[in-house]
Amino acid sequence: MESCPAIKSILLLDSEGKRVAVKYYSDDWPTNSAKEAFEKSVFIKTQKTNARTEAEIAMFESNIVVYKFAQDLHFFVTGGEDENELILASVLQGFFDAVGILLRGNVEKKEALENLDLILLCLDEIIDGGIVLETDANVIAGKVASHSIDSNAPLSEQTISQALATAREHLARSLLK
């Protein structure tokens, strides 16, 4: 019987193996300490590799881990031992590229922490309950960007408030001359 590809976890760790953003979709790690131990052991196993240009694949504790590094951030996607590596790699690449788009190419820990809400929304757009929803980085980034617009103000009011802000700016400049 065929089933949908399932993702067990997506991890975004810093260059010291500490959490930046993580999502687990499996009960393989029931406690927070088990999750942190898994993150640390995956980080230690992969830190000596050079996964900066292309994604690397490793077997770890009967899981397939696909990973890639950028600056001081380490991206990981985990699936079961019988998952398709190409699907895991496309999820990783979609996440990696979407984060790059959302952070305007400045993919580093400081920028990621300042935009953590966008990264968490990005994870929600890629995976739901372990099921892959989207892997196209442009589509993911577009959906996240549309969520991050101020949803409390209607579009017409946003335009008016932007116009008022511009008018205030011009008035202040003319008074200061």
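1. Two strands are taken as paired if DSSP finds at least two bridges between them. Strands E3 and E4 meet that condition, with five bridges in the antiparallel sense. The model discussed here is a predicted one. Within the E3–E4 pair, Met59 lies opposite Ile64 of E4. Two residues separate the strands of this hairpin, and Glu61 there adopts a positive phi near 50°.

2. The sheet as a whole is open and has five strands, ordered E2-E1-E5-E4-E3, with antiparallel pairing. Its edges are strand E2 (19-24) and strand E3 (56-60), each of which pairs on one side only. From one strand to the next, the twist averages 20°.

3. Strand E4 (residues 63-70) also pairs with strand E5 (residues 73-80); the two run antiparallel and are joined by eight bridges. Asn63 has Gly80 of E5 as its bridge partner. Helix H1 (residues 32-46) packs on the sheet, where it touches strand E1 (7-14) as well as E2, E3, E4 and E5. The direction of H1 makes about 115° with that of E2. Helix H4 (residues 116-126) packs on the sheet too, touching E1 and E2, and its direction makes about 20° with that of E2.

4. On the geometry of H1: the helix has 15 residues and spans 21 Å from its first C-alpha to its last, close to the 21 Å expected at 1.5 Å a residue. Its buried residues are Phe38, Glu39, Val42, Phe43 and Thr46. These lie on the same side of H1, because they cover an arc of only 130° around the axis. Exposed residues Ser33 and Lys40 sit on the face turned away from that buried side. The cover over the buried residues of H1 includes E1, E2, E3, E4 and E5.

5. The largest nonpolar core contains 33 residues. Ile7, Ile10, Leu12, Phe75, Phe95, Val99 and Cys122 have the most contacts inside it. At least two residues of this core come from each of E1, E2, E4, E5, helix H2 (85-102), H4 and helix H5 (137-148). H2 gives the largest share, eight residues.

6. Leu12 deserves a separate entry. Residues up to four places away in sequence aside, Leu12 touches Lys18, Arg19, Val20, Ala21, Val22, Leu73, His74, Phe75, Phe95 and Ile119. Two of these partners, Phe75 and Phe95, are also listed with Leu12 among the residues with the most contacts inside the largest core. A second core, separate from that one, has 15 residues, including Ala58, Phe60, Val65 and Phe76.

7. Tyr24 belongs to strand E2, which is one of the edge strands. Is Tyr24 buried or exposed? Tyr24 counts as buried, because its relative accessibility is 16% and the cut-off for buried is under 20%. Apart from neighbours within four places in sequence, Tyr24 is in contact with Lys8, Ser9, Leu11, Arg19, Trp29, Lys35, Phe38 and Glu39. Among these partners, Phe38 and Glu39 are buried residues of H1. The C-alpha atom of Tyr24 is 8.1 Å from that of Gly130, although the two residues are 106 apart along the chain.

Technical notes: Residues numbered from 1 in each chain as written. Predicted model: local features only at pLDDT ≥ 70, side-chain atom pairs only at ≥ 80, totals over all residues. Heavy atoms only, no water. Helix = DSSP H or I, 4+ residues; strand = E, 2+ residues; numbered from the N terminus. Axes fitted to C-alpha atoms, helices over the stretch in contact; angles between N-to-C directions. Contact = heavy atoms within 4.5 Å. Expected span 1.5 Å × (residues − 1). Buried < 20%, exposed > 50% of the residue type's maximum accessible area, 1.4 Å probe, protein only. Arc of directions from axis to C-beta. Core = buried A, V, L, I, M, F, W, Y, C linked by side-chain atoms within 4.5 Å.
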